[in-house]
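Take a walk through this protein with the chain open in your viewer. We start with charged pairs, then turn to strands, cysteines and the surface.

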Amino acid sequence: MENPSHEYVHGYSARENRRLMDQATTLTQLLHHDTKYPAGALVLEAGCGVGAQTTALVQNNPDAHFVSVDISQESLGAAKSRIETAGFHNVTFQQADIFNLPFPERHFDHVFVCFVLEHLKNPLDALLHLKAKLTKGGTITVIEGDHGSTYFHPDSRAAWDTIQCLIDLQARKGGDSLIGRKLFPLVQDAGFHSVTVSPRMVYVDSSRPGYVEGFTKNTFIAMVEGVHDEAINSGLIEELHWEKGIKDLYRATGKDGTFCYTFFKALANK
Ligand SMILES: C[S@@+](CC[C@H](N)C(=O)[O-])C[C@H]1O[C@@H](n2cnc3c(N)ncnc32)[C@H](O)[C@@H]1O
């Protein structure tokens, strides 16, 4: 198993699960308006977590069939009940490790993977395993963030230092929260062709209260706050400096504040 739960920087808490849902709900239009598969297509969703992206996938593609896998049985349970409650029947959930997938070679028409590569020690290897399960001519869609793409007003050194804690802690676990900018070479190196990457920028100010709540506060700041204990305990930052940094991040959600972040969406063919 590549990433046992204690090595996964965001963990599997109830708060983190809510954060993943807020992230997906707020970003559905930005990330998924063009995630479309033909009727009858068989799509592997790798690392589905609690089903936050699965919801958007099935809503957009009621006539495709999804096999959504995750290494965490608990997350899969949450994903399954979420999709059943929403009334969709075109998903099969299965526990599986991306590095040891229990499917024949060239089994899937398409592969979808979102916010997973950033947590893996060897994302290239993961792409090679996923590629093996993809039919010739099939597509892979990869969506990742890049914490280095963050900027905000009012700017603050302390706020930046809290974000750097998250970047450093994820790197210590073998992940890479700056992976978004590397998607083009990474997907190419895995041997896919016709690689295109489109940046998806989230811009937030107080005229967009849904984004202030759903993205800046409940997705981004919540993600940074999630590593508070580890950041302090590992001596990366002093408690008072951390508190100032978080307070300053919240200033960017105020009446005169603004916040920017860029996701990267890659599409390629086998
Ligand atoms: C940040 S979550 C993203 C979940 C979902 N894709 C989303 O966007 O909400 C990363 C997920 O990848 C899963 N994961 C990590 N390593 C994995 C592996 N080797 N095989 C399958 N799933 C894995 C984790 O259990 C976790 O649910």
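Which residue forms a salt bridge with Arg251? The partner is Asp248, and the closest N and O atoms of the two are 3.6 Å apart. Keep in mind that this is a predicted model. The distance still fits the cut-off, because a salt bridge here needs a side-chain nitrogen of Lys or Arg within 4 Å of a carboxyl oxygen of Asp or Glu.

Now look at where the pair sits. Arg251 and Asp248 are three residues apart in helix 9, which spans residues 239–251, so about one helical turn separates them. The general rule is simple: an α-helix has 3.6 residues a turn, so residues three or four places apart point the same way. Side chains of opposite charge can then pair when their charged atoms come close. The two partners differ in cover. Arg251 is partly exposed, at 45% relative accessibility. Asp248 is buried, with a relative accessible area of 6%.

Helix 7, residues 209–225, offers a second case. Here Lys217 forms a salt bridge with Glu213, and the closest N and O atoms are 2.9 Å apart. The two residues are four apart in the helix, so they too are separated by about one helical turn. Lys217 is partly exposed at 23% relative accessibility. Glu213 is also partly exposed, at 37%.

How many salt bridges does the structure hold? The count is twelve. One of them joins the side chains of Lys265 and Asp34, at 2.7 Å from N to O. This pair links distant parts of the chain. Lys265 is in strand 8, residues 258–269, while Asp34 is in the loop between helix 1 and strand 1. The two are 231 residues apart. Is Lys265 buried or exposed? Lys265 counts as buried, because its relative accessibility is 7% and the limit for buried is under 20%. Asp34, at 37%, counts as partly exposed. Salt bridges that share partners join Asp34, Arg200 and Lys265 into one network.

Another long-range contact involves helix 1, residues 14–32, where Thr26 lies. The C-alpha atoms of Thr26 and Gly214 are separated by 5.6 Å. Along the chain, these residues are 188 apart. Thr26 is buried, with a relative accessible area of 17%.

Next, go to strand 4, residues 108–114. This strand is mostly covered, with six of its seven residues buried. Which strands pair with strand 4? One is strand 1, residues 42–46, which runs parallel to strand 4 and is joined to it by four bridges. Find Val43, whose bridge partner in strand 4 is His110. Another is strand 5, residues 134–144, also parallel to strand 4 and joined to it by six bridges. There, Val111 stands opposite Ile140 of strand 5.

Follow the chain onward from strand 4. Strand 4, helix 4 and strand 5 make a right-handed β-α-β unit. Helix 4 covers residues 123–132.

Helix 2, residues 52–60, is mostly covered as well: seven of its nine residues are buried. Among the buried residues of helix 2 are Ala52, Gln53, Thr54 and Leu57.

What about cysteines? The structure holds zero disulfides. Cys114 is in none, and the nearest cysteine sulfur, that of Cys48, is 11 Å away. A disulfide needs the two sulfur atoms within 2.5 Å, so that separation rules out a bond in this model. Cys114 is buried, with a relative accessible area of 7%. Cys165 is buried too, at 2% relative accessibility.

Finish on the outside. Which residues form a nonpolar patch on the surface? They are Tyr151, Met201 and Tyr203, with about 300 Å² of accessible area together. Tyr151 belongs to strand 6, residues 151–153. Its relative accessible area is 48%, so Tyr151 is partly exposed. That value passes the threshold for a patch, because patch residues need over 30% relative accessible area.

Notes: Residues are numbered from 1 along each chain as its sequence is written. This is a predicted model: local features need pLDDT of at least 70, side-chain atom pairs count only at pLDDT 80 or more; totals for chains, interfaces and linings use all residues. Side-chain values use heavy atoms; hydrogens and water are left out. Buried means under 20% relative accessible area, exposed over 50%, partly exposed in between (1.4 Å probe, protein chains only). Two strands pair if DSSP finds at least two bridges between them. A crossover is right-handed if, with the strands pointing away from the viewer, the path from the first strand over the helix to the second runs clockwise. Patches are made of residues with over 30% relative accessible area and no salt bridge: like charges are joined within 9 Å, nonpolar side chains (Val, Leu, Ile, Met, Phe, Trp, Tyr) within 5 Å. Accessible areas come from the Shrake-Rupley method with a 1.4 Å probe; for residues, only the protein chains shown count as cover.
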